[in-house]
Amino acid sequence: MRKLKVAFIQKNWEDNLGILWISALLKANGFDARVFIEEKGVYGKVRNFAPGIVGYSCYTGDQRWVYSSISKVKSAGIQAKIIVGGPHATFFPQMIENPLIDVLCRGEGEHAVLEYATALEEGKSPYEIKNLWFRAEEDIIRNDLRPPLAELDSLPFPDRSYYDRYKFMATNPYKTFITGRGCPFKCTFCFNHALHDLYGKNSKYIRRRAVEPVIDELMEVKNRWGINEIRFSDDHFALSTAWLKEFAAVYPKKVGRPFSVNTRVDVLDEEKIHYLKESGCRLVCFGIETGREDLRNRVLKKNIKDEQIVNAARLLKKYGIKYLSSNIIGLPGETSQDAWETIHINQKIRTSLPWFSMMQYFPGTQIYREATEAGLLAGDFDIDKLGGYFQNDYLKQDNLAELQNIHSFSIITSRYKILEPIARLLASRFKPNPLFKAVFKASYLVLTLKRANFRIGRLLWGFKYYLRKVVG
Ligand code: B12
Ligand code: SF4
């Protein structure tokens, strides 16, 4: 065992596969790595572990928490190098200017962190390690990116050993897995085109694990901690028919647990849906984004026709698979009628779980660049103040308040068309207010319960999660 230890601290009681994969590779190379979840007394526990490196994964919106947690690490007297990675660090590398951070990682972290830990352990200079940026003396060292890892199966399985210390995580009825990385599409609001551009057009960005190791990983987790239901977090689980066919031949016999996947409607056909059903897929999540086909394809570059959405919904219904649609309100130039069109298409296809966010303008994305250039983001727009998926207070558009109200009524009117006239009246006449927001929260709660199939075990776990997260 090597001497240097690496601690990762995370905010949420959710598996962060990025961190778990880095931890697994460190352990496979003799380092002691440990994932800590923020809770009472966590900084004392990290201090007792005595890490030489403390790492954070940062999504856009998480920065303030990351900075405050690093301050607590320092106040606890933990003398460790601080490294931050994840999508926000990748697209907003200016984070390295913050004196709280020693090292920033852009792109994939497994080999970068391994090389960094090895350099520290062996007393060698880390300053040329690819993917890493450093604040050294007066200057910032910006190293190039290495190509994306060609063979995902060369990695050990994500290190879930922290379930043994956090029993609550082990009892999570949903466990998350990933069978591939990368997405071939170029939607302007998503991080994928930006990441692909960063790696270079010729890089092998889209990678899929073989079916066998995926099943082995699932079996390992099932046998050691148990699995109730699975969420595959891949951007596109249903890209390849051959992969799905092979998966369907093994999964039901060996793993046999219900699962949900993300995909696009234009890659779904009856054969793929048949294999998904045969495997035990309970829920398919796909993006509609907007009910206005022209906005969907011109502004968001989604390249999906209404007809493809309707067709996929019909097939999923035929096979008895529920579907969740993700929709966005607050597109640049979106009129209130456009937003209602998004609700209409959900009414038309009778979406089982209509999920609506307010547009998040993330740094690095094409839509962020275009909106900034067009002066659409308010002068005081500050990415450190992003409030999460359901909030956007900074789009400079006269109808922003009405769009926020439509968002509040989006889930309920997608399900109950009869409520639309009254919702339209309220949305156009009143300012956003706590009552409208309560309507959203209540309908979102029902959607979450429906997603959990109203099963008591899941509901109880969800309730405990809420208490831990919100009450502490
Ligand atoms: C599953 C998922 C979730 C889950 C679980 C999140 C979690 N905490 O684990 C849930 C549903 C809770 C969720 C919520 C959110 N999510 Co989310 N989510 C994903 C999803 C679909 C998969 C993540 C994943 O496992 N990826 C696979 C791993 C291997 O990749 P990775 O995390 O990027 O990690 C690699 C590198 O980034 C790097 N790295 C990561 N962490 C670290 C840490 C260190 C120290 C180092 C050195 C390197 C490093 O190395 C890793 C291995 O190579 C991604 C889309 C995607 N395809 O990644 C979106 C995604 C990450 N989510 C995103 C966002 C914004 C969010 C939210 C912040 C949205 C919001 N504003 O509310 C919330 C809140 C998240 C939170 N605070 O935890 C964005 C991030 C964009 C951005 N610019 O930050 C993504 C990319 C979606 C998108 N299409 O834009 N999310
Ligand atoms: S298809 Fe989905 S994952 Fe792929 S780029 Fe578009 S939004 Fe992102």
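**View 1. Y389 and its surroundings in the predicted model.** This model is predicted, not experimental. Y389 sits in the loop that links helix 14 (366-373) to helix 15 (400-415). Is this residue buried, exposed or partly exposed? With 15 other C-beta atoms within 10 Å, Y389 counts as partly exposed, because being buried takes 20 or more such atoms and being exposed takes 12 or fewer. Setting aside residues up to four places away in sequence, Y389 touches S357 and Q360. For a sense of scale, find R451, which is 62 residues from Y389 along the chain; the C-alpha atoms of the two are separated by 18 Å.

**View 2. The whole chain, before we zoom back in.** The chain's secondary structure adds up to 18 helices and 15 strands. Its C-alpha trace spans about 70 × 55 × 45 Å along the principal axes. A compact globule with 472 residues would have a radius of gyration near 23 Å, and the chain has 23 Å, so the two agree. Of the 472 residues, 40% count as buried. Take the contacts with a separation of 6 or more: residues 24 or more positions apart account for 74% of them.

**View 3. Where domain 1 meets domain 2.** The domain assignment splits the chain into domain 1 (5-142) and domain 2 (171-471). Their C-alpha centres lie 29 Å apart. At the meeting place, twelve residues of domain 1 are in contact with 18 residues of domain 2. On the domain 1 side, helix 3 (63-75) and helix 4 (87-91) are the elements that give two or more residues. Helix 4 gives the most to that side, with three residues. Sorted by class, the domain 1 side has five nonpolar, five polar and two charged residues.

**View 4. Ligand 1 and the residues around it.** Where does ligand 1 lie relative to domain 1 and domain 2? Ligand 1 lies between them, because both domains give residues to its shell. There are 38 residues around ligand 1, and G18, G55, S57, G85 and G109 come nearest. Several elements each supply at least two residues of this shell: helix 1 (17-28), strand 3 (53-57), strand 4 (81-85), helix 4 and helix 5 (110-122). Helix 1 brings the largest share, five residues. By class, the shell around ligand 1 is made of 17 nonpolar, 14 polar and seven charged residues.

**View 5. Ligand 2 and its shell.** Which residues surround ligand 2? Look for C183, F185, C187, C190, N192, D235, R264 and G287. Four residues of this shell are nonpolar, two are polar and two are charged.

**View 6. Two nonpolar cores.** The largest nonpolar core has 44 residues, and V54 and V84 touch the most other members. Helix 1 gives the most to this core, with six residues; helix 1 is also the element with the largest share of the shell around ligand 1. Now pick out V54: leaving aside its neighbours within four places in sequence, V54 is in contact with A7, I9, V46, V73, I78, A80 and I82. Another core, of 36 residues, lies apart from the largest one, and its members include C187, A194, I367 and F436. You may recognise C187 from the previous view, where it is among the residues surrounding ligand 2.

Key: Residues are numbered from 1 along each chain as its sequence is written. Chains are lettered from A and ligands numbered from 1 in the order in which they are written. This is a predicted model: local features need pLDDT of at least 70, side-chain atom pairs count only at pLDDT 80 or more; totals for chains, interfaces and linings use all residues. A residue is near a molecule or strand if its C-beta atom, placed from the backbone, lies within 6 Å of it. Ala, Val, Leu, Ile, Met, Phe, Trp, Tyr, Cys and Pro count as nonpolar, Asp, Glu, Lys and Arg as charged, and the others, Gly among them, as polar. Domain bounds come from an automatic or database domain assignment. Two residues are in contact if their C-beta atoms, placed from the backbone, lie within 7 Å. Helices (H or I, at least four residues) and strands (E, at least two) are DSSP runs, numbered from the N terminus. The radius of gyration is taken over C-alpha atoms; the globule rule is 2.2 Å times the number of residues to the power 0.38. A nonpolar core is a set of buried Ala, Val, Leu, Ile, Met, Phe, Trp, Tyr and Cys residues joined through C-beta atoms within 7 Å.
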